[in-house]
Amino acid sequence: MTEPALHTARSAPSPGCPPPHPAPRRPTLALPPGSCDAHCHILGPAAVFPYAPERTFTPVDAPKEQIAALHAHLGLTRAVVVQSSCNGSDHRTLLDALTAGRGRLRGVALIGERTTRAEIERLHRAGVRGFRLNFLPHLRTAPTRQEIDSVLERVDGLGWAVELHLTGAEVVAHESLIRSLPGRVIVDHLARVDLAEGPRSPALRSLRSLLDTGDVWLKVSGVDRVSRQGPPYADAVALAASFVAHAPERVVWGTDYPHVNIDGAAPDDGLLVDLLADLAPDPVLLRRLMVDNPADLFDFPPVLPGPSESFESPARPEERT
């Protein structure tokens, strides 16, 4: 049977935004029912959902149908769609995806200065359960405490998590800020730590200390970004596995598809799934990482015994009438 088409041609992406892997392998690791991709992006199509004029990069299109097909290929049945900075605070793409997901998707928003409480409540009804703060200079200037407090005031009472996109050095610099944030806080992509600094670096000490507070969670995604060795990313996988063992109840994982702002070619998402066998080598750990933790963090309903959920993926050519 023909594999689902996972991408099509794209035009004029920025440097560092390669097309997705042309043929991701089908994972050999069988994921537990209800497994969640806790970090992916839905981008475009630009002809329908134009990117923000003020964006700092132009990605390849990665529309909802493409990502649904990828998830079906990988054995993932839930996902958290993170609003990309190239869309700014225009959430039409995210809202469209959440509607199509029919409860199997959750969202993380970008709240701008002009995002009203009414719009935030609309996002919540659609399935948004967090907002993201970008500290990376290639995306924007770091938010001020005044900006952060303004967003916190507008999302008050909704139970949203605060998601931080920052580097290991910024974790150290902003540790007191992170500790002061109310509710649950999520650090993205292993904080993009510099493995050259060694296993006792200030960034890793800060991350472990923050995890020990009980209010900070870590996305053990992005091993391809952190690794200094390339695939199969053994150095970064070992680091991610150490965090899974250290705080098994406060870690989640995502593909980071379609892998924007990276060096080199996009990783094989099938390989990334298979590496979960090393990140969480025990079935209990794997279920926590892929099912229970994202359900808790992003307010998914419990996964009950019975047939597994699945996304509606586009019909294959031979199935269309």
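**Figure 1. Helices H7 and H9 cross with a right-handed turn.** Welcome to the first close-up of this predicted model. Helix H7 covers residues 202–211, and helix H9 covers residues 234–246. Their axes lie 11 Å apart and meet at an angle of about 25°. Angles under 35 degrees count as roughly parallel, and H7 and H9 are therefore roughly parallel to each other. Which residues in H7 meet H9? Look for Leu 204, Leu 207, Arg 208 and Leu 211. On the H9 side, their partners are Leu 239, Ser 242, Phe 243 and His 246. Sorted by character, the residues of this contact are five nonpolar, two polar and one charged.

**Figure 2. The whole chain, as a setting for the close-ups that follow, has twelve helices and eight strands.** The protein chain contains 321 residues, and buried residues make up 55% of them. Now consider the contacts in the chain with a separation of 6 or more. Residues 24 or more positions apart account for 78% of those contacts.

**Figure 3. Trp 160 sits in the largest nonpolar core, which has 79 residues.** Which residues touch the most other members of this core? They are Trp 160, Val 220 and Trp 253. Helix H9 gives the core its largest share, six residues. Now zoom in on Trp 160 and set aside its neighbours within four places in sequence. Trp 160 is then in contact with Ala 109, Ile 111, Ile 120, Leu 123 and His 124, among others. The list of its contacts also includes Val 128, Arg 129, Gly 130, Phe 131 and Val 155. Another core, of 13 residues, lies apart from the largest one. Cys 36, Ile 186, Trp 217 and Phe 300 are among the members of that other core.

**Figure 4. Cys 40 is found in strand S1.** This strand spans residues 36–40. Is Cys 40 buried or exposed? Its relative accessibility is 1%, so Cys 40 counts as buried. Follow the chain from Cys 40 to His 259 and you pass along a separation of 219 residues in sequence. In space, however, the C-alpha atoms of Cys 40 and His 259 are 8.6 Å apart. Leaving out neighbours within four places in sequence, Cys 40 is in contact with Ile 67, His 71 and Ala 79, among others. Its contacts also include Val 80, Val 81, Val 82, Thr 255 and Tyr 257.

**Figure 5. Two cis peptide bonds lead into prolines, Pro 45 and Pro 232.** Most peptide bonds are trans, so a cis bond is worth a pause. One of them joins Gly 44 and Pro 45, with omega about 10°. To find Pro 45, look in the loop between S1 and helix H1 (64–74). The other runs from Pro 231 to Pro 232, where omega is near 5°. Pro 232 belongs to the loop between helix H8 (223–226) and H9.

**Figure 6. Arg 192 and Tyr 233 each have a positive phi.** Most residues other than glycine have a negative phi, so a positive value deserves a second look. For Arg 192, phi is near 50°. Arg 192 lies in the loop that runs between strand S6 (185–187) and H7. With 24% relative accessibility, Arg 192 counts as partly exposed. For Tyr 233, phi is near 60°. Where is Tyr 233 placed? You will find Tyr 233 in the loop between H8 and H9. The relative accessible area of Tyr 233 is 7%, so this residue is buried.

**Figure 7. Leu 136 is a buried residue in a loop.** The loop lies between strand S4 (128–134) and helix H4 (145–154). Leu 136 has a relative accessible area of 3%. How far apart are the C-alpha atoms of Leu 136 and Thr 167? They are separated by 7.3 Å, while along the chain the two residues are 31 residues apart. Not counting residues up to four places away in sequence, Leu 136 touches His 165, Leu 166, Thr 167, Glu 170 and Arg 192.

**Figure 8. Glu 153 is an exposed residue in helix H4.** Its relative accessibility is 61%, and exposed means over 50%, which is why Glu 153 counts as exposed. Glu 153 and Arg 117 are 36 residues apart in sequence. From C-alpha to C-alpha, Glu 153 and Arg 117 are 9.4 Å apart in space.

Key:
Residues are numbered from 1 along each chain as its sequence is written. This is a predicted model: local features need pLDDT of at least 70, side-chain atom pairs count only at pLDDT 80 or more; totals for chains, interfaces and linings use all residues. Side-chain values use heavy atoms; hydrogens and water are left out. Axes are lines fitted to C-alpha atoms, for helices over the stretch in contact, and angles run from 0 to 180 degrees between N-to-C directions. Helices (H or I, at least four residues) and strands (E, at least two) are DSSP runs, numbered from the N terminus. Angles under 35 degrees count as roughly parallel, over 145 as roughly antiparallel, 65 to 115 as roughly perpendicular and the rest as oblique. A crossing is left-handed if the near helix is turned anticlockwise from the far one by less than a right angle, and right-handed if clockwise. Contact means heavy atoms within 4.5 Å. Ala, Val, Leu, Ile, Met, Phe, Trp, Tyr, Cys and Pro count as nonpolar, Asp, Glu, Lys and Arg as charged, and the others, Gly among them, as polar. A nonpolar core is a set of buried Ala, Val, Leu, Ile, Met, Phe, Trp, Tyr and Cys residues joined through side-chain atoms within 4.5 Å. Buried means under 20% relative accessible area, exposed over 50%, partly exposed in between (1.4 Å probe, protein chains only).
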